[in-house]
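User: Take a close look at one loop residue for me, the one whose backbone caught my eye, and then walk outward from there. Keep it chatty, but give me the numbers.

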Amino acid sequence: MEAKIFKTLPKEAERIRKKVFMEEQGFQNEFDETDRISLHVVLLDVSNPVGTCRIYYSEERQCYVIGRIAVLKDHRGRNAGSQLLKVAEKEIRKRKGNRAELLAQVRATPFYEKNRYFSLGDIYMDEGCPHVWMRKELR
């Protein structure tokens, strides 16, 4: 698999996020102003887009944030999510970032823990779904 990075939200990323977050999980407020300031990663299996995430610098959190991490159902469990994180982390390091944070759905925290992220504690509700901030120090 290979990844491409875009400075604007590409149609491939938009389609994956609609499918995963809106159709499968029922979220309604998927697209926001943060998309305009983010880099967008699209993971390709041969030439087929199978996963996406976005990266942006948060003044509020004083670090880079990886968000909207989504992998199409038929590619889950095949390391695509971990590959997306690795590409995002490499891009953050390239930009002199030394820490990454993400707002994870609580049910997905074991996946992020496996990728060496740790929970920062408080649980937040987003459209009725519990989320928790997680962090990884990048070396």
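Analyst: Valine 46 counts as exposed, because its relative accessibility is 70% and the exposed class begins over 50%. Keep in mind that this is a predicted model, so treat the values here as computed ones. The backbone is the curious bit: valine 46 has a positive phi of about 60°, although it isn't a glycine. As for where it sits, look at the loop that runs between strand 2 (39-45) and strand 3 (48-58).

Which other non-glycine residue has a positive phi? Arginine 116 does, at about 70°. You'll find arginine 116 in the loop between helix 4 (109-114) and strand 6 (118-126). Its relative accessibility is 60%, so arginine 116 counts as exposed too.

Arginine 116 is also a handy way into the surface charges. Together with Lys86, Arg93 and Arg139, Arg116 forms a positive surface patch. Another member of that patch, arginine 139, belongs to the segment after strand 7 (129-137). With 79% relative accessibility, arginine 139 falls in the exposed class. Patch members carry no salt bridge by definition, which makes a nice contrast with what comes next.

Back to strand 3, on the far side of the valine 46 loop. Arginine 54 makes a salt bridge with aspartate 35, and the closest N and O atoms are 2.8 Å apart. Aspartate 35 belongs to helix 2 (residues 34-37) while arginine 54 is in strand 3, so this pair ties together parts that lie 19 residues apart in sequence. Are these two partners buried or exposed? Aspartate 35 is buried, since its relative accessible area is 7%. Arginine 54 is buried as well, at 4% relative accessibility. Nor does the pair stand alone: salt bridges with shared partners join Asp35 and Arg54 with Arg17, Glu30, Asp32 and Arg68 into one network.

How many salt bridges does the structure hold? The count is 18. Two of them are worth a look in helix 1 (residues 11-24). In one, lysine 18 pairs with glutamate 14, with 3.6 Å between the closest N and O atoms. The two residues are four apart along that helix, about one turn. Lysine 18 is partly exposed, as its relative accessibility is 36%. In the other, the side chains of lysine 19 and glutamate 23 come together with an N to O distance of 3.5 Å. These two are again four residues apart in helix 1, and so about one helical turn separates them. Glutamate 23 counts as exposed because its relative accessible area is 56%, whereas lysine 19, at 40%, is partly exposed.

Now the rings, if you like pi geometry. The structure has four aromatic pairs. One of them is tyrosine 57 with tyrosine 64, an edge-to-face pair with 5.1 Å from centre to centre and 80° between the planes. Tyrosine 57 comes out as partly exposed, given its 34% relative accessibility. Tyrosine 64 is buried, since its relative accessible area is 16% and the buried class takes anything under 20%. Another pair is phenylalanine 111 with tyrosine 112: the ring centres are 4.9 Å apart and the planes meet at 70°, so this one is edge-to-face as well. Phenylalanine 111 is partly exposed, at 25% relative accessible area, while tyrosine 112 is buried at 8%. Add Tyr117 and you get a cluster, with ring pairs linking Phe111, Tyr112 and Tyr117.

One last stop is tryptophan 133, which sits in strand 7. Its 15% relative accessibility is why tryptophan 133 counts as buried. For a sense of scale, take the C-alpha atoms of tryptophan 133 and arginine 36: they are separated by 22 Å, and the two residues lie 97 apart along the chain.

So, back to your loop residue: valine 46 pairs an exposed position, at 70% relative accessibility, with a positive phi of about 60°.

Terms used
Residues numbered from 1 in each chain as written. Heavy atoms only, no water. Patch = residues over 30% accessible without salt bridge, like charges linked within 9 Å, V, L, I, M, F, W, Y side chains within 5 Å. Areas by Shrake-Rupley, 256 points an atom, 1.4 Å probe, with all protein chains shown as cover. Salt bridge = Lys/Arg side-chain N within 4 Å of Asp/Glu carboxyl O. Lys, Arg positive; Asp, Glu negative; His and termini not counted. Charge placed at Lys NZ, Arg CZ, Asp CG, Glu CD. Buried < 20%, exposed > 50% of the residue type's maximum accessible area, 1.4 Å probe, protein only. Phe/Tyr/Trp six-rings, centres within 6.5 Å; stacked < 30°, edge-to-face > 60°.
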